[in-house]
Amino acid sequence: MHLEGGDDEEKWLAEGIAGVQHHAFYMHRALDSNNLRDALKYSVQMLSELRTSRLSPHKYYELYMRSFDELRRLEMFFKEESTRGCSVIDLYELVQHAGNILPRLYLLCTVGSVYIKSKEAPAKDVLKDLVEMCHGIQHPVRGLFLRSYLSQVSRDKLPDIGSEYEGGADTVMDAVEFVLQNFTEMNKLWVRMQHQGPVREKDKREKERNELRDLVGKNLHMLSQIEGVDLELYKETVLPRVLEQVVNCKDELAQYYLMDCIIQVFPDEYHLQTLETLLGACPQLQPTVDIKTVLSQLMERLSNYADSSTEVLPEFLQVEAFTKLSNAIGKVIEAQFDMPVVGVISLYVSLLTFTLHVHPDRLDYVDQVLGACVRKLSGKAKLEDSKATKQVVALLSAPLEKYNDIVTALKLSNYPLVMDHLDNGTNKVMAVLIIQSIMKNSTCISSADKVEALFELIKGLIKDMDGTPVDELDEEDFKEEQYSVARLIHMLFNEDSEEMLKIICTVRKHILSGGPKRLPFTVPPLIFSALKLVRRLQGQDGDVVGEEVPVSPKKIFQILHQTIEALSSVPSPELALRLFLQCAEAANDCDLEPAAYEFFTQAFILYEEEIVDSKAQVTAIHLIIGTLQRMNIFGVENRDTLTHKATGYSAKLLKKPDQCRAVYACSHLFWVDDHDGIKDGERVLLCLKRAIRIANAAQQMASVTRGSSGPVTLFVEILNKYLYFFENLQITSAVIQGLIELIMTEMQSDSTTPDPSADAFFASTLRYIQFQKQKGGAMGEKYEPIKA
């Protein structure tokens with residue numbers, strides 16, 4: 001059926017075009033022979049093809065354009081006739097005798113164009129006559145195209161400022177009146193289309209109306225092009241008349257399109273000065289009109305106008321643009337009470353964008369927009385509509401993008417209240433965006449109050465929301481979120497020590513409420529941030545003239561101790577041990593021996609009770625040894641206790657090679673070059689001898705279990721330790737020589753497993769010995785007996 005209908009329409013169009021061409025051919029012959037009567041006769045027959053009702057608007061337009069081209073030729077003929085002495089008035093009367101009204105009116109408009117150009121009558125009289133005569137065609141499609149033709153032929157003949165047709169009785173007001181009258185009648189015809197035909201074809205008619213909308217909109221464009229339409233005339237006459245027609249037509253399609261046309265074709269300055277009138281029409285439109293898009297486009301244009309020049313900004317303040325827009329949006333939302341949430345929020349997004357462009361310094365305006373959005377969302381559950389959620393994210397992102405400074409956004413009291421309406425997933429996305437903004441702009445958050453407000457904003461990343469278990473989250477996403485929080489903590493800083501401690505305590509309060517799974521990510525940056533503060537406070541002992549200072553390393557270490565202990569609930573003993581050792585080293589630099597000893601004690605307790613994996617034990621004991629070696633604050637008793645523990649645990653590691661390496665590493669605990677009180681050569685040698693015994697045991701064990709000795713790497717490593725202490729301790733060259741020979745013997749043994757890296761290491765060690773010999777002097781003499 002549909003295809004057949006389409007084929008029929010193509011056939012009808014082809015017949016119509018053929019008819020136009022046929023009659024135009026004879027019209028041209030009559031024009032060429034200056035036969036006016038025949039020319040008019042054939043032109044009437046040609047234009048009669050436009051009387052058809054069988055074509056859709058799209059096809060009718062094709063037929064109309066063929067006729068239009070021929071009418072231009074006819075108009076040129078009428079001009080030539082008038083120059084040859086033929087009276088235009090007579091022509092004007094002559095064409096009115098055409099038998100059919102539609103061809104008659106087309107010819108009347110064509111001659112009328114020549115009539116105005118001849119100036120034999122005032123332009124306003126001819127225009128008024130033509131626009132009123134067009135009332136004779138009330139068929140919507142035929143009427144629209146006829147009046148469109150009238151607009152087309154008269155647009156360059158309107159009495160406008162600077163036009164040859166202005167003056168005398170003809171004024172700009174006449175041009176405006178003509179266009180407004182034609183616009184009104186065309187809109188009525190356009191709206192009437194919806195009532196023609198059966199109800200089942202309503203969608204089809206709406207589509208056809210949509211195709212014809214530009215014919216109506218061109219009138220508004222003509223109005224905007226009239227030079228004489230200044231602000232005063234626009235304000236007093238043009239806009240009220242146009243809006244009256246828009247409101248009274250009560251048609252959804254017409255109201256939306258014409259409001260859009262008004263906004264697009266008239267100057268921004270006019271919109272600003274007539275804002276109240278324009279906005280006053282919005283609540284009067286049909287409830288189904290997409291007014292949010294219209295208002296959004298208006299605010300976008302005004303925003304661009306504000307961006308164009310700073311000189312226009314006072315105008316916005318003068319007319320109270322923000323207040324008027326805000327009130328209008330409120331009235332529209334009230335009038336369209338069933339407007340979807342996404343529509344409401346998109347209106348507030350547009351208003352906020354406008355505010356940030358025009359009044360970026362008015363944070364109260366920005367907060368007012370957010371507050372209005374909060375009031376609209378209050379009482380509703382978390383947003384589940386993805387489109388609405390996207391609009392809320394746009395609303396929250398706008399201040400971040402404008403100010404490039406989260407500190408400014410933190411001053412907005414309604415900002416976190418808007419975020420509360422986001423679902424958990426989107427809340428996290430927004431929180432990550434906030435952190436990214438801080439990192440991108442290197443924003444420093446410098447007060448505890450701001451940190452409190454910030455962490456309230458990003459609480460979706462810091463703790464479980466609404467009972468959502470952490471276990472249900474994607475592991476990679478969870479890690480990335482927590483790394484973002486960790487990076488954020490490093491951006492919190494204040495030169496004032498007291499304020500910085502408040503910041504640390506604020507962060508601590510929030511992250512400790514985040515559950516055990518988050519602590520391994522968030523505690524370390526907090527600890528290091530606090531340790532930075534400790535370094536700045538080095539030298540303060542906590543008391544000044546009997547009064548306690550507000551911030552001291554001792555206080556901070558107490559907080560750090562409690563914070564690291566929280567990691568035991570994770571459990572994450574290896575991380576806690578590392579942090580305790582970092583704190584011990586900082587306490588050492590602050591000359592706080594009790595604190596340093598306590599941190600070491602906690603590290604050893606973790607090692608004894610929590611760390612059971614053999615690899616983790618190896619790593620931990622080396623960390624303990626390395627940190628303890630750098631400590632210089634301990635008295636003899638405390639140091640002996642700690643070194644005894646370290647050497648004891650080193651010898652108890654599961655694997656012999658690990659035991660050996662840990663024991664020879666302990667030798668450094670008894671000899672520290674820059675500390676005269678820690679130089680016990682005897683205990684150094686005890687450690688090294690013990691390491692050799694363990695290495696021998698490792699070789700024997702390897703021989704028993706695998707049938708071959710392990711590599712000699714351990715002996716080479718011990719040899720290097722001996723060489724390190726050779727310069728300071730009473731180590732004889734015979735000991736070094738014996739160790740070298742032992743290694744060489746082992747390497748030559750058939751039972752030793754070949755190891756190229758061990759061979760290279762040993763060769764490098766021997767080259768070092770040769771180098772020391774060649775240096776000469778006391779050291780050269782010491783190395784001389786060694787045969788390598």
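Analyst: A helix here is a DSSP run (H or I) of at least four residues, and helices are numbered from the N terminus. Lys 773 lies in one of them, helix H37, which covers residues 756–775. The model is predicted.

User: Why is Lys 773 said to have no salt bridge?

Analyst: A salt bridge needs a side-chain nitrogen of Lys or Arg within 4 Å of a carboxyl oxygen of Asp or Glu. For Lys 773, the nearest side chain of opposite charge is Glu 784, and it is 5.1 Å away. That distance does not meet the cut-off, so the pair is not counted. Lys 773 is nevertheless buried.

User: What does Lys 773 touch, not counting residues up to four places away in sequence?

Analyst: Its contacts are Gly 780, Tyr 783, Glu 784, Ile 786, Lys 787 and Ala 788. Glu 784 is on this list because contact asks for heavy atoms within 4.5 Å, while a salt bridge asks for particular atoms within 4 Å.

User: Which other residue of helix H37 can be described?

Analyst: Phe 762 lies in helix H37.

User: How do you know whether Phe 762 is buried or exposed?

Analyst: Its relative accessible area is 5%. Buried means under 20%, so Phe 762 qualifies. Leaving aside neighbours within four places in sequence, Phe 762 is in contact with Val 716, Leu 719, Ile 740, Ile 743, Met 744 and Met 747. Val 716 is 46 residues apart from Phe 762 along the chain, yet their C-alpha atoms are separated by 6.0 Å.

User: What makes Arg 73 and Asp 32 a salt bridge?

Analyst: The N to O distance between their side chains is 3.1 Å. The limit is 4 Å, so the pair passes. Arg 73 belongs to helix H3 (residues 57–83) and Asp 32 to helix H1 (residues 2–32), so the bridge ties together parts that are 41 residues apart in sequence. A search of the whole structure finds 25 salt bridges.

User: Why are Arg 73 and Asp 32 put in separate accessibility classes?

Analyst: Arg 73 has 36% relative accessibility and counts as partly exposed. Asp 32 has 57% and counts as exposed, because the exposed class starts over 50%.

User: How do you know that Arg 72 and Glu 75 are about one helical turn apart?

Analyst: They are 3 residues apart in helix H3, which gives a separation of about one helical turn. Their side chains form a salt bridge at 3.1 Å, N to O. Arg 72 is partly exposed at 35%, whereas Glu 75 is buried at 3%.

User: What can be said of Lys 509 and Glu 452?

Analyst: Their side chains meet in a salt bridge at 2.8 Å, N to O. This pair links distant parts of the chain, with Lys 509 in helix H26 (residues 497–511) and Glu 452 in helix H23 (residues 448–457), 57 residues apart. Lys 509, at 49%, is partly exposed, and so is Glu 452, at 27%.

User: Which residues touch the most other members of the largest nonpolar core?

Analyst: They are Ile 262, Tyr 415, Ile 434 and Leu 454, in a core of 274 residues. Helix H8 (residues 172–192) gives the most to this core, with 11 residues. Apart from residues up to four places away in sequence, Leu 454 touches Ile 406, Leu 410, Ile 434, Ile 438, Ile 445, Leu 488 and Leu 492. In soluble globular proteins, nonpolar side chains tend to be buried together.

User: What lines the largest cavity?

Analyst: The lining consists of Ser 148, Ser 151, Gln 152, Arg 155, Leu 215, Lys 218 and Met 222. Helix H7 (140–154) and helix H9 (202–225) are the elements that give two or more residues to it. The volume is about 40 Å³, and there are 2 cavities of 30 Å³ or more.

User: Why is the phi of Lys 119 worth a remark?

Analyst: Most residues other than glycine have a negative phi. Lys 119 is not a glycine, and its phi is positive, about 60°. Lys 119 is found in the loop between helix H5 (101–118) and helix H6 (123–133). With a relative accessible area of 47%, Lys 119 is partly exposed.

User: Where is Lys 250 found?

Analyst: Lys 250 is in the loop between helix H10 (231–249) and helix H11 (252–265). Its phi is also positive, near 50°. At 54% relative accessible area, Lys 250 is over the 50% cut-off and is therefore called exposed.

Methods: Residues numbered from 1 in each chain as written. Predicted model: local features only at pLDDT ≥ 70, side-chain atom pairs only at ≥ 80, totals over all residues. Heavy atoms only, no water. Buried < 20%, exposed > 50% of the residue type's maximum accessible area, 1.4 Å probe, protein only. Core = buried A, V, L, I, M, F, W, Y, C linked by side-chain atoms within 4.5 Å. Lys, Arg positive; Asp, Glu negative; His and termini not counted. 1 Å grid on protein atoms, 1.4 Å probe; cavity = no way out; pocket = protein on both sides within 12 Å on 5 of 7 lines; lining within 4 Å. Points joined across faces, edges and corners; volume = space filled by probe spheres on them.
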